[in-house]
Amino acid sequence: MADLILQSLDLIIFLSLVILGYISGSMAEKKHYRSIIQREKELLKLPVLTAEGSFRAGLVKESVLVTGSAVISIDYFKRLMAVLRNLFGGRVKAYESLLDRARREAILRMKAEAKSRGAAIVVNMRLETAAIGKNADRKRQLGSVEAVAYGTAVIYNPR
Amino acid sequence: MKFSAKELEGNLNVSPTHPLLDFSWMLGGLIAIIALIYLLLAVGTDLVVEQIPIKAEVWLGERGLAEFPAEADAELQQRLERLLEELAADSDLPEYKFRAYLSSREEVNALALPGGNILVFAGLLDVVESENELAMVLGHELGHFAQRDHLRGLGRGLGLSVAAALLFGEDSAISNLVSRSLLTFQSSYSQQQEEAADAYGLQLLAARYGHVAGAEDFFARSVATAGSRATYLFASHPHPAERVIRLKQLIAAKKYPLGKLEPLADHFTRPATPSAD
């Protein structure tokens, strides 16, 4: 039996990484989504627009750049799913939630910064996505995705 | 325009399918593809193997032999070759020019290389105790030539690795996984080959000596060092205990007589060297 385990050691390691990735990955994802939904509710009253704002004279006290970024890593299970998807084609569902989480977290962090500065609105919000460790797949390592949200926080004059 | 904050229900950006369901669909598809490739390869190899000329095999064999430096012990080699010739006289393999090589490796094993080359490792000679036993091992290797197993194994193995590398990319985790699982498929096939080669060797042994004493001795001795049977589930060879049982069944079924064992010639027994530890 010990021989069998030794012979297929790399296979066993691979399978345990996949199982670990599934369990911890889905736990982390559930927890993250709970927190995202809760914070989105808290920050609901702070509007974020992708449009340029236009304000009447005397209203704006100050406008500042606010940014928020989040990096989410994939796990072995998600990577295995994506590799299989590469074979069959179709939506890479395993990565969808990853990007969704990264974008929403980035926006939330940006909004939190805007709120701490006392902003009433964030205008001209933009989203960028970047892959960290693009060569990771070739080196059999895992990569991550980064989403950056940035915009102009507008702080009104006290009335 | 008045801004009114509104909560969104659901999430359109994430597909609602459960990841495990998605995973099992894709895994099922992958297994189906692999099974198909394996079947095509098996059928294709069996078709091609019959057509490969011996010449091409000899060429392949020379390449293979370069991988294993053979020991230049002429006397030992000659003795082995004579033993082989006697065996081959009873076999239906006149097209091959059989040659036996002795490798200094300590492995307890013998190999059938393409082109009629049989490689005996020095470790085997240390373990073997009688002439008949050695003849059985050589007969077993001749059995592989009779079925052209060495080519079949090569064809399938090579085809599988190439297919896995093409599908999933060279040196990727998934291609490793696939070729490993295919090797598992392969093992039951190769265990059948080994059993057929054992039967062939037994037949040769009976023809050469008029009896089959010593046929299962080598395997019986390997049982102690072979480890548990679970290890052999995915091995290329059956468990030695299994082989002993199979050989005994064959001997009983074919009513082969059992005679006296001939002692191993002096050339094959190395002077005992005191071990370092």
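This passage describes a helix pair, a pocket and a buried residue in a predicted model.

Within chain A, the axes of helix 2 and helix 3 come within 6 Å and cross at roughly 105°; since angles of 65 to 115 degrees count as roughly perpendicular, helix 2 of chain A and helix 3 of chain A are therefore roughly perpendicular to each other. To this contact helix 2 of chain A contributes A:Phe14, A:Leu17, A:Val18, A:Gly21, A:Tyr22 and A:Glu29, while A:Tyr76, A:Phe77, A:Lys78 and A:Leu80 come from helix 3 of chain A. Sorted by class, the residues of this contact are 7 nonpolar, 1 polar and 2 charged.

The second largest pocket has a volume of about 1,500 Å³, and of the 47 residues that line this pocket, A:Glu40, A:Asp100, A:Arg104, B:Gly10 and B:Asn11 are the closest to its centre. Two or more lining residues are given by each of helix 2 (9-42), helix 3 (76-88), helix 4 (93-116) and strand 2 (121-132) of chain A, and likewise by helix 1 of chain B. Helix 2 of chain A supplies the largest share of the lining, 10 residues. By class, the lining of the second largest pocket comprises 21 nonpolar, 11 polar and 15 charged residues.

In chain B, helix 1 (residues 19-49) includes B:Asp22, which counts as buried because its relative accessibility is 6%, the cut-off for a buried residue being under 20%. When neighbours within four places in sequence are left aside, B:Asp22 is in contact with A:Met81, A:Arg85 and A:Lys93.

How values were computed: Residues are numbered from 1 along each chain as its sequence is written. Chains are lettered from A and ligands numbered from 1 in the order in which they are written. This is a predicted model: local features need pLDDT of at least 70, side-chain atom pairs count only at pLDDT 80 or more; totals for chains, interfaces and linings use all residues. Side-chain values use heavy atoms; hydrogens and water are left out. Helices (H or I, at least four residues) and strands (E, at least two) are DSSP runs, numbered from the N terminus. Buried means under 20% relative accessible area, exposed over 50%, partly exposed in between (1.4 Å probe, protein chains only). Contact means heavy atoms within 4.5 Å. On a 1 Å grid over the protein atoms alone, a cavity is a set of points where a 1.4 Å probe fits but cannot get out, and a pocket is an open set with protein on both sides within 12 Å along at least five of seven lines; lining residues have an atom within 4 Å of a point. Grid points are joined across faces, edges and corners, and a volume is the space filled by probe spheres set on the points. Ala, Val, Leu, Ile, Met, Phe, Trp, Tyr, Cys and Pro count as nonpolar, Asp, Glu, Lys and Arg as charged, and the others, Gly among them, as polar. Axes are lines fitted to C-alpha atoms, for helices over the stretch in contact, and angles run from 0 to 180 degrees between N-to-C directions. Angles under 35 degrees count as roughly parallel, over 145 as roughly antiparallel, 65 to 115 as roughly perpendicular and the rest as oblique.
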